[in-house]
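Visitor: Hi, I'm new to this one. Can you walk me through what I'm looking at?
Guide: Sure, let's have it on screen while we talk.

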There are 2 protein chains.
Amino acid sequence: MQTTTITPRWLDAEQQVIWRAFLSGTNRVFTELDAELRRFGLDLGEYEILVNLSESPDHELRMSELADRVRQSRSRLTHTVGRMEAKGILVRNACPSDGRGVNARLTEHGYALLVEAAPYHVESVRRALVDVVDPADFEALGRAMVAVVDAPAAE
Amino acid sequence: MQTTTITPRWLDAEQQVIWRAFLSGTNRVFTELDAELRRFGLDLGEYEILVNLSESPDHELRMSELADRVRQSRSRLTHTVGRMEAKGILVRNACPSDGRGVNARLTEHGYALLVEAAPYHVESVRRALVDVVDPADFEALGRAMVAVVDAPAAE
DNA sequence: CATCAGTGATTGAAACCTCAACATCGCGTA
DNA sequence: TACGCGATGTTGAGGTTTCAATCACTGATG
């Protein structure tokens, strides 16, 4: 019998430091954003839903399309959208062109909430990340994250 | 009456692109890591607990110290450690030098689990981030994250 | 037209996290 | 010694996410 053994390619000391800074730094950023959004009764996941709807025609989007854009599972999105609907932030309607589909659409109140929260949100993004990082490093960060997203999916 | 009005300093187009890449990229990295760790019945939060205990004398750490290192609330850590204890990964003992304190210590089984999972974990860190990013950009990423962590806390 | 595999969305239970309240203990001070 | 504030951990309730199962509909195939 033979097991597939892995010879670990450990990170070197510097990579290790960078990796741990990544863990701490991302944690710090998201903690800060959530703290700011909480003042509007939102979290980052809900805020991204608002943004994506607001950028779509009629402030409306199919659930599945929305799930892809905010990187949430369909199930999670159903639950979250259900709560947001209960708060009057958006409404759901059957999709006219596809009997399986459901459209989520911002209400007036939901759009007003986004308009109100957005300036504070962008300020927290600056405070936590954009304004504290050297501009050249910030651009490199962008390239790095694009490379991550564009990397082929694991098997 | 007068309200404090904010003149939003919106992100410019390029900053916007980088910010969204950051959201997608970090999500991609953490999704990949969790998927790999799930094969060992762990998530990233639990894995970081294992790592921090394993790097400490006697594989043991005060709960509060551990909470700081893994950036989890005390409450969350109590719950998580409780579940890990139930699985036999670690044990809790009263701290001899401080009646309030509790030490968490890895069991043999817990350490063996870490030893087993670590090579796959590091491989996923490489696959998701380290190996797909240009080395110079990776270093810049490190500087950026250090700047984020070192930034003064918001009021 | 009948079937059937695939897609879109939801459901409910279990697992997990958050939040506020609480219990306990250490330490400085009078 | 007694007081009281601050720190350490835990608890349980309530809210959120995950996971697998399910329902409904579409489109293709025979």
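Guide: Let's begin where the chains meet: the rule finds eight salt bridges across the interface of chain A and chain B. Keep in mind that this is a predicted model.

Visitor: Which residue of chain B forms a salt bridge with Glu123(A)?
Guide: That's Arg9(B), with the closest N and O atoms 3.2 Å apart.

Visitor: And how many residue pairs are in polar contact across the interface?
Guide: The rule finds 18 such pairs between chain A and chain B.

Visitor: Which helices of chain A supply the side that touches chain B?
Guide: α1 (13-38), α2 (44-54), α5 (108-128) and α6 (135-150) each supply at least two residues of that side. The largest share comes from α1(A), with 17 residues.

Visitor: What's the mix by class on that side of chain A?
Guide: It has 37 nonpolar, eight polar and 15 charged residues.

Visitor: How many residues are in contact, counting each chain?
Guide: 60 residues of chain A are in contact with 60 residues of chain B.

Visitor: And how much area do the two chains bury between them?
Guide: About 5,500 Å², with 67% of it on carbon and sulfur atoms. Arg9(A), Trp19(A) and Arg28(A) supply 11% of the area that chain A buries against chain B, which is more than any other three residues.

Visitor: Do the copies meet through the same surface or through different ones?
Guide: The same surface, because 100% of the interface residues of chain A are also interface residues in chain B.

Visitor: OK, so what rotation superposes chain A on chain B?
Guide: A rotation of 180°, with 0.0 Å of shift along its axis, and the RMSD is 0.1 Å. The two copies are therefore related as by a two-fold rotation axis.

Visitor: Which C-alpha in chain A is nearest the axis?
Guide: The one of Leu141(A), which lies 2.6 Å from it.

Visitor: Switching topic: how many helices and strands are there in chain A?
Guide: Six helices and three strands. Going from the N terminus, the elements run α-α-β-α-α-β-β-α-α.

Visitor: Is chain A a compact globule or more spread out?
Guide: More spread out, because its radius of gyration is 20 Å, well over the 15 Å that the globule rule gives for 155 residues. Along its principal axes, the C-alpha trace of chain A spans about 55 × 50 × 25 Å.

Visitor: Back to salt bridges. How many are there over all chains?
Guide: By this rule, the count comes to 32. One of the pairs is Glu32(A) with Arg127(A), whose side chains meet at 3.1 Å, N to O.

Visitor: Where do those two residues sit in the chain?
Guide: Glu32(A) is in helix α1 of chain A and Arg127(A) is in helix α5 of chain A. They're 95 residues apart, and the pair links distant parts of the chain.

Terms used. Residues are numbered from 1 along each chain as its sequence is written. Chains are lettered from A and ligands numbered from 1 in the order in which they are written. This is a predicted model: local features need pLDDT of at least 70, side-chain atom pairs count only at pLDDT 80 or more; totals for chains, interfaces and linings use all residues. Side-chain values use heavy atoms; hydrogens and water are left out. Copies are superposed by least squares on the C-alpha atoms of residues with pLDDT of at least 70 in both. Contact means heavy atoms within 4.5 Å. Buried area is the accessible area (1.4 Å probe) that two parts lose on being put together, summed over both. A salt bridge is a side-chain nitrogen of Lys or Arg within 4 Å of a carboxyl oxygen of Asp or Glu. A polar contact is a pair of N or O atoms within 3.5 Å; within protein, one must be able to donate a hydrogen and the other to accept it, and residues adjacent in sequence count only if both atoms are side-chain atoms. Helices (H or I, at least four residues) and strands (E, at least two) are DSSP runs, numbered from the N terminus. Ala, Val, Leu, Ile, Met, Phe, Trp, Tyr, Cys and Pro count as nonpolar, Asp, Glu, Lys and Arg as charged, and the others, Gly among them, as polar. The radius of gyration is taken over C-alpha atoms; the globule rule is 2.2 Å times the number of residues to the power 0.38.
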